[in-house]
Amino acid sequence: MAEPDTRSSSGSSSEGSRYHPEAIEAAWQLRWQEQGLHRTPETDGGDEASGSGDDTFYALSMFPYPSGNLHMGHVRNYVITDVIARVQRLRGRRVLHPMGWDAFGLPAENAAIERGVDPGDWTDANIAQMRSQLQRLGLSIDWDREVATCHADYYRWTQWLFLQFHEAGLAYRKEATVNWDPIDQTVLANEQVDGEGRSWRSGAKVEKRQLRQWFLRITDYAEALLDDLDQLDGWPERVRTMQSNWIGRSVGAQLHFPILPAAGAASATAGGAADAADSDHSITVFTTRPDTVYGVSYLVLAPEHPLVARLTAPEQRLAVEAFCDLVSDQSELERTAEDQPKRGVPLGTSVRNPFNGEAIPLWIADYVLADYGSGAVMGVPAHDQRDFVFARQYELPVKRVIVPEGAQEQAYDGGAWTAGGRLVHSGPFDGLEAAEARAGIVALAEERGWGEGKVSYRLRDWLISRQRYWGCPIPMIHCGSCGVVPVPAEQLPVELPRDLAFSGKGGSPLTQLESWVNVACPSCGQPARRETDTMDTFICSSWYYLRYSDPHNTQLPFERAAADRWMPVDQYVGGIEHAILHLLYSRFFTKVLRDRGLLSFDEPFQRLLTQGMVQAITYKNPQTGKYVAPADVADPSDPRDPIDGERLDTFFEKMSKSKGNGVDPAVVINRYGADTARMFILFKAPPEKDLEWDDADVEGQFRFLQRLWRLVDGAVARGLRLNHAGGPGTPPEAVNPAEQALRRAVHGAITAIDDDLAPGHYQFNTAVSELMKLSNAMGPQLETAGEAVAIEALGALVILLAPFAPHLAEELWDRLGGDGSVHSQRWPVADPSALIQDTVPLVIQVKGKVRGQLEVPADADAATLERLALESDIALKWLEGQAPRRVIVVPGKLVNLVP
Ligand SMILES: [Zn+2]
C-alpha cells in the first residue's frame, strides 16, 4: 500500500524510498479481496447479444490434488494462467478464472490407515493450507467459485451425471481383473503394487481376481473422439497425436474361423460360454491384414478367453492351466512389451480357415489380451514380425502369401515381409496387388458369411469401479428381486459416511458398514444393499470445469445457459502428464452431456497449453547412486559428497523430494516477494519448455523490479501524476526528438508485447524482456520529456507490468496517483504514428570533406540543422573547439563547416 503522499515533497534524499515487497503484497491482496476485484462479472439479461461469448474469456488451470504442499510446478502452472486471465481483463473481456480441488483419492485413505485421521478432515486441512499458499502468489482467482470434488455439494452432481450415463446405457457392469492382496484381503490400486508385484503394505505377492465392476462405454464415442481432434487446432500437435494413438483406429476385417470337432476335446458344456463374444461354433478375429488370410498358420486366444477351457484337449489341460496361472501374475505391460519374449501353449484343437479349408492349430499366448478386440488374433508369421518370432520359437509353419513387386519367393531368414506386394498361394487372389486383394477378400468374406469389414479401436471401455473408501459413491442399489436399481435423483447425494475405522484390511470400510450398506430397494421396498464401489477420481475431474460456470446451483450440476455462456474454456493450462486420460475423459463427458441435451458444444477446451517442468540443479554421487541435496554441497564449483568426498555428477532434473533439489515457493516469496517469483518463472523460459531454476536470475528479476520502483519513485518526486495529463486515449504530441524516441520505445514495446501475448503464442519470456528494454530506455528519456509524454510512458509501463507483477504494478499505479486499480484499466493501444521513424540522415562536411552523418528530424529548418551540426561530436572533433568561419546548409542533405 502507498505510503502517505507527503513523502514526494520531503523525499529529497538521493536514495528515495525502497521496494519492500513484503510491505505491499499482503496489503494489496487484502484490498483486492475486499473490493471483489477478481469476482467473475456475470452477464445481466440485457446483454444476451454477447451470448456467443465474444466478450467472455475462460482461463482455467488444471486443478490440483490437495496434498497440502504447493510446489514450484503448481506455481508455474497457475502463474501462466493468471497472466493470461489478467491480460484478457485488461483487454476488456469478462473473465472467469476459478480454482478448485481434485480432492478424492488414495493419499487421504493412506493417511487414515497410517495415522488414524479422518480422510475428509485431512483433505480439508490440506485444502486450507494450499489455498493460503496459492493466495500469496497474488493470483486473480475468483474464490467464490471454488469447488472440492470430495464435498457432498459437488459429488451429489457427479452421482447425478453417473445416472445420466446409466440412463443412456453408457454405464454397465462386467467382470474385470483386480489386484488382490491375499494377506490384507483387500483390493489394491495399481499404484499400491510395487515393481515386483507385491502389496505396498503387507508385502504379499498380489494376485489377480475377477470382480464385477462398473464401466463407462467410452468406446461408443471412439470415432467422435478421434474425428473431433481436427477441431482442436489450439492444442499442441503432440497432445493430439497422443490422443489419436491412444484411441488407435485401425481399418480391417473381422473373420470367423469355424471350430473343428476334435475327438479328444472336452464337449461343449453349457454355462462356460455364456459371456463369450464368439458364437459356439467359431472363433472371431480382427485383422488389419485380411490380404494375408491364406498365410494363417495358427490362431491365438488370450489365456482368459472364455472358450479356452472348452477348447483345451485333455492331454493339454495341465500345460494350459499352468500357463494361465503364470500369465495371471503378469501385468498387461509385461505381456505386451516389445522387448519381452512371447510365450504360448497349444490347446491341442484346431479351427478351419474358411478361405482354403486348412486346419489351423489353436494356441494361447501371453501377448493377446482378453479385453482387446475379440481376444483372439490370427498368426501370420510370414508377414508379421511378432508372429514370425513366435513361429520360429515354437516351430510353426511360415507360409509366404505376398511377395514384393518383381521379386521371387525367397527364404524367410530375414524375418517377416510386412510391406505390400503381390499375392501368391492365395487361391483366386493370386497375382493381385495387396491393397486390391484386401478389398476382394473382405467382399468374399461378406458374401460367404466368413466375416465382414470392420473398423477397430485400441481404446477400451473405462473401468471406473474402485474398491476404496475415499471416492464418490456409485449411486446404485442391488436388490434380490429387481437387480441393479439406480438411487432416485431426488435422494442424492449418497453421502460418504464419515468417522470410520481404517485398518487397511478386509476390503473397503464401506463394505463393513452394515448401517450404510443395508437400504430399502427404491423400486420394490424390499431389503437391498448399496453398491460399495466408489468412482475413479478421473470421473470427478471430467466435469469440474462445467461446475465453475454455475458453482452454487442446488437444482442441477450447472444450468445449460451458464455452461454455454462460458464454455468452451478459452485457455486450459496444465501438465503434459494429463495429455491422454484426463483430457480424453473430459472430451467424452462433454460429448455425452451434449447428446443428453445438457449443453450445446462439442469440445470442452479450445486451447491447451502444456507447461514445461521446473527443474533444478541436482547432485548425484556416481559411486553410491545417491542424490545429495544442493544445500549439503559446500562448493558448487567443485561439488563433493559431504560423506565420502566423492566428486558429484551435476545436472538439471525435475524438482522432487527424493532428490532434495526442490525449491519451496514460500521460501522464495519470503525472500523476494511473489512478484519476483512470478517474473522469474515467466522470464526464464517459454511456458511450454522446461525451466531451469537459477537463483542468480531470481535475484536479477528482483533487481529489475527495484529499478522500476526507483524509476517511478523519481517521477513521483518530480511531481509527475497520471491524472494530470489530458487523460487516457489522447496521444500526446511529441515535440522534440527525445520525446519522439520515448514514444517510439513505449509504443514499440506495446506492439512487441501484444505479439508475445497473442492467444496461443504466449511468449511471456520475451514480453518480460521487452519490459526490461522499455524501462532501460525510459530511464534517461523520462528526465527530458515533457509531462504529457512522460505520463503516457509511465502509465503504459505500469499497465504492461500489471499482468506479470500485479502487486508492484498496483503500488506504482497508486503512487503515481492513477485512478482506481491498475487491474481495472484498459490495455494500452499502440499508436502506429509513434513508430514512424521521421528522421533523415544529414551529412556533415568539414572544409568540403565528408566527416560523418547525423540523424535529424525530417522537418528541421536550416537554423536547427546548423545548431545540431555544431553541437555534434563530429564538429567537436574536427573543429577542435574553434568556431567555423562559415556554415553552408543544404536542407535535407548536408551541412558544410568551413573553419
Ligand atoms: Zn427391489
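Partly exposed denotes a relative accessible area between the buried limit of under 20% and the exposed limit of over 50%. The exercises below concern a predicted model.

**Exercise 1. Classify D638 and R640 by accessibility, and state how their side chains are related.**

Solution. Step 1: R640 has a relative accessible area of 38% and is therefore partly exposed. Step 2: D638, at 28%, is partly exposed by the criterion above. Step 3: D638 and R640 form a salt bridge in which the closest N and O atoms are 3.3 Å apart. Step 4: Elsewhere, D228, R587, K591 and E603 are joined into one network by salt bridges that share partners.

**Exercise 2. Determine which parts of the chain are linked by the salt bridge of E109 and R468, and whether each residue is buried or exposed.**

Solution. Step 1: Side chains of opposite charge can pair when their charged atoms come close. Step 2: The structure holds 38 salt bridges, and one of them joins E109 to R468 at 3.8 Å, N to O. Step 3: E109 belongs to helix α4 (residues 106-115), whereas R468 is in the loop between β18 (465-466) and β19; the two are 359 residues apart, and the pair links distant parts of the chain. Step 4: The relative accessibility of E109 is 4%, so E109 counts as buried. Step 5: R468, at 13%, also falls under the 20% limit and counts as buried.

**Exercise 3. Locate R466 and D536, and describe the accessibility of each.**

Solution. Step 1: R466 and D536 form a salt bridge with their closest N and O atoms 3.2 Å apart. Step 2: R466 lies in strand β18, and D536 in the loop between β23 (534-535) and α15 (537-540); the pair therefore ties together parts that are 70 residues apart in sequence. Step 3: R466 has 29% relative accessibility and counts as partly exposed. Step 4: D536 has a relative accessible area of 6% and is buried.

**Exercise 4. Identify the donors of the zinc ion and the geometry of its site.**

Solution. Step 1: The SG atoms of C479, C482, C521 and C524 coordinate the zinc ion at 2.2 to 2.3 Å. Step 2: Four donors count as tetrahedral if all angles lie between 85 and 135 degrees. Step 3: The angles among the four donor atoms here are 106 to 113 degrees, and the site is tetrahedral. Step 4: The spacing of the donor residues in sequence is C-x2-C-x38-C-x2-C. Step 5: C479 lies in strand β19 (residues 476-479) and C521 in the loop between β21 (518-520) and β22 (527-530), so this pair ties together parts 42 residues apart in sequence. Step 6: Both C479 and C521 are buried.

**Exercise 5. Describe the sheet that contains β30, β31, β32 and β33, and explain why β31 and β32 each have one side without a neighbour.**

Solution. Step 1: The four strands form an open sheet in the order β31-β30-β33-β32, with mixed pairing. Step 2: β31 (849-857) and β32 (886-890) stand at the edges; each has a single partner strand, so one side of each lacks a neighbour in the sheet. Step 3: Direction ignored, neighbouring strands of this sheet are turned by 20 degrees against each other on average. Step 4: β32 and β33 (residues 894-898) run antiparallel and are joined by five bridges; I888 has N896 in β33 as its bridge partner. Step 5: Helix α27 (residues 862-871) packs on the sheet and touches β30 (839-846), β31, β32 and β33, its direction making about 120 degrees with that of β31.

**Exercise 6. Establish the partners of strand β24 and the accessibility of the residues on both its faces.**

Solution. Step 1: Strand β1 (residues 56-61) pairs with β24 in the parallel sense over three bridges, and the bridge partner of S61 in β24 is V573. Step 2: β24 is also joined to β25 (residues 608-610) by three bridges, and these strands run parallel; Y572 stands opposite L608 in β25. Step 3: In a regular strand the side chains alternate between the two faces of the sheet. Step 4: In β24 (residues 571-574), Q571 and V573 are on one side, and Y572 and G574 on the other; all are buried, and both faces are covered.

Notes
Residues are numbered from 1 along each chain as its sequence is written. This is a predicted model: local features need pLDDT of at least 70, side-chain atom pairs count only at pLDDT 80 or more; totals for chains, interfaces and linings use all residues. Side-chain values use heavy atoms; hydrogens and water are left out. Two strands pair if DSSP finds at least two bridges between them. Axes are lines fitted to C-alpha atoms, for helices over the stretch in contact, and angles run from 0 to 180 degrees between N-to-C directions. Contact means heavy atoms within 4.5 Å. Donors are N, O and S atoms within 2.8 Å of the metal (3.2 Å for Na, K and Ca); water is not among the atoms, so sites may look incomplete. Four donors count as tetrahedral if all angles lie between 85 and 135 degrees; four count as square planar and six as octahedral if opposite donors are over 155 degrees apart and all others between 65 and 115; anything else is irregular. Buried means under 20% relative accessible area, exposed over 50%, partly exposed in between (1.4 Å probe, protein chains only). A salt bridge is a side-chain nitrogen of Lys or Arg within 4 Å of a carboxyl oxygen of Asp or Glu.
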